[in-house]
Amino acid sequence: MTTDVWLPFAPEEIPGLPSAADHGLTYRFWDGGDTFPADPADCAFYVVPYLKGAEIAVRPLAGMARAEVVQTLSAGVDHVQAGMGSLHPGVRLCNARSVHEASTAELTLALILASLRGIPRFVEGQRQEEWRSGFYPALADKTVLIIGYGSIGSAIEDRLAPFECARVLRVARSARDTERGPVHPLAELPSLLPEADVVVLSTPLTEATRGLADAEFLARMRDGALLVNVARGPVVDTKALLAEVESGRLTAALDVTDPEPLPAGHPLWHAPGVLISPHVGGSTSAFLPRAKRLLARQLTHWTAGEPLDNVVYTTA
């Protein structure tokens with residue numbers, strides 16, 4: 001009987017993988033195709049295909065009777081976690097912390113700057129051959145609130161540092177202190193929202209964060225504030241957001257939406273003050289080298305019987 005490792009990249013393209021011969025492994029390539037590369041029952045370490053959707057991600061799980069590790073290549077695991085119930089106790093689910101921080105933080109800053117400085121308006125002006133000069137907000141002197149202060153939230157603050165923000169406020173599930181300052185618990189959000197000019201959502205999608213940015217949340221944001229969502233679409237109540245942006249009170253920059261992909265004809269496409277990017281926070285040239293380094297590191301730990309990085313859930 002073999003011990004299979006399913007990878008979404010050809011194993012020869014991943015430097016530093018443990019030797020298959022030395023560890024009794026068989027590396028199998030599967031990137032979500034219709035046909036499995038082997039019997040899922042022989043798979044012990046499953047790397048979920050990237051950006052192939054929840055249906056493909058969970059399809060082989062029910063047959064993985066020997067699974068020990070399920071490794072995503074995304075920061076979020078909500079597309080996989082529902083399928084973990086079919087596995088036996090003790091299977092570890094790991095996310096891709098260290099893979100997406102640089103790319104997502106870059107896009108967050110791009111969305112903030114583009115929205116504040118009127119870049120979409122300039123692009124449309126260029127298309128219409130119109131010189132759309134004017135006076136635009138700067139990021140300098142603004143207060144930025146980051147909700148979801150994990151590795152991505154911290155990377156966003158790294159990139160805010162040169163922009164002379166007045167303050168950066170940090171929120172996570174529970175309070176803690178960092179070298180930069182305090183991280184506030186979610187319970188303090190109602191008092192923090194009115195202080196922020198820019199509110200960034202970088203939190204995982206959980207039952208606690210689903211619909212977090214609802215009508216009450218948005219109503220507490222100050223007039224003229226910008227909401228930036230690089231988390232998951234359902235963290236924001238789309239209907240409530242539409243009401244605020246259509247009134248002109250708030251603006252928004254969204255890398256994720258609910259529904260997603262955003263269908264043709266949806267009112268968000270043409271809502272005033274809304275900038276939309278098509279869920280590309282992690283889809284850059286920085287992804288592959290970091291993903292491959294993560295897989296080599298995780299498989300090295302696993303074959304050596306060492307603790308894995310980024311364990312977010314273990315089946316009971």
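This passage walks through the eight-stranded sheet of a predicted model and the nonpolar core that goes with it.

The sheet is open, and its 8 strands follow the order β8-β9-β7-β6-β10-β11-β12-β13, with mixed pairing. Strands β8 (176-177) and β13 (274-276) stand at the edges; each has a single partner strand, so one side of each lacks a neighbour in the sheet.

A good place to start looking is β6 (143-147). Strand β6 is mostly covered, with 5 of its 5 residues buried. Thr143, Leu145 and Ile147 point one way from the strand, while Val144 and Ile146 point the other way. On one flank, β6 runs parallel to β7, and 5 bridges join the two; here leucine 145 stands opposite leucine 169 of β7. The chain passes from β6 through α6 to β7, and this β-α-β crossover is right-handed. β6 also runs parallel to β10, to which 4 bridges join it, and the bridge partner of isoleucine 147 in β10 is leucine 201.

Further along, β7 is joined by 3 bridges to β9 (residues 182-185), again with the strands running parallel. Within this pair, valine 171 stands opposite histidine 184 of β9. Helix α6 (residues 151-160) packs on the sheet, where it touches β6, β7 and β10, and its direction makes about 160° with that of β6. Another helix, α9, lies across β11 (226-229), β12 and β13, and runs at about 130° to β12.

Turning to the core, nonpolar side chains in soluble globular proteins tend to be buried together. In this model the largest nonpolar core has 32 residues, among which Leu145 and Phe217 touch the most other members. At least two residues of this core come from each of β6, β7 (167-172), α7 (189-192), β10 (198-201), α8 (215-220), α9 (238-247) and β12 (251-254). The largest share, 4 residues, is supplied by α9.

Leu145 thus links the two parts of this description: leucine 145 is a buried residue of β6 and one of the two core members that touch the most others. Leaving aside neighbours within four places in sequence, leucine 145 is in contact with Leu169 and Val171, with Leu189, Leu192, Leu193 and Ala196, and with Val198, Val199 and Val200. Of these contacts, Leu169 is also the residue that stands opposite leucine 145 in β7.

Conventions. Residues numbered from 1 in each chain as written. Predicted model: local features only at pLDDT ≥ 70, side-chain atom pairs only at ≥ 80, totals over all residues. Heavy atoms only, no water. Core = buried A, V, L, I, M, F, W, Y, C linked by side-chain atoms within 4.5 Å. Buried < 20%, exposed > 50% of the residue type's maximum accessible area, 1.4 Å probe, protein only. Contact = heavy atoms within 4.5 Å. Pairing = 2+ DSSP bridges. Axes fitted to C-alpha atoms, helices over the stretch in contact; angles between N-to-C directions. Right-handed = clockwise from strand over helix to strand, strands pointing away.
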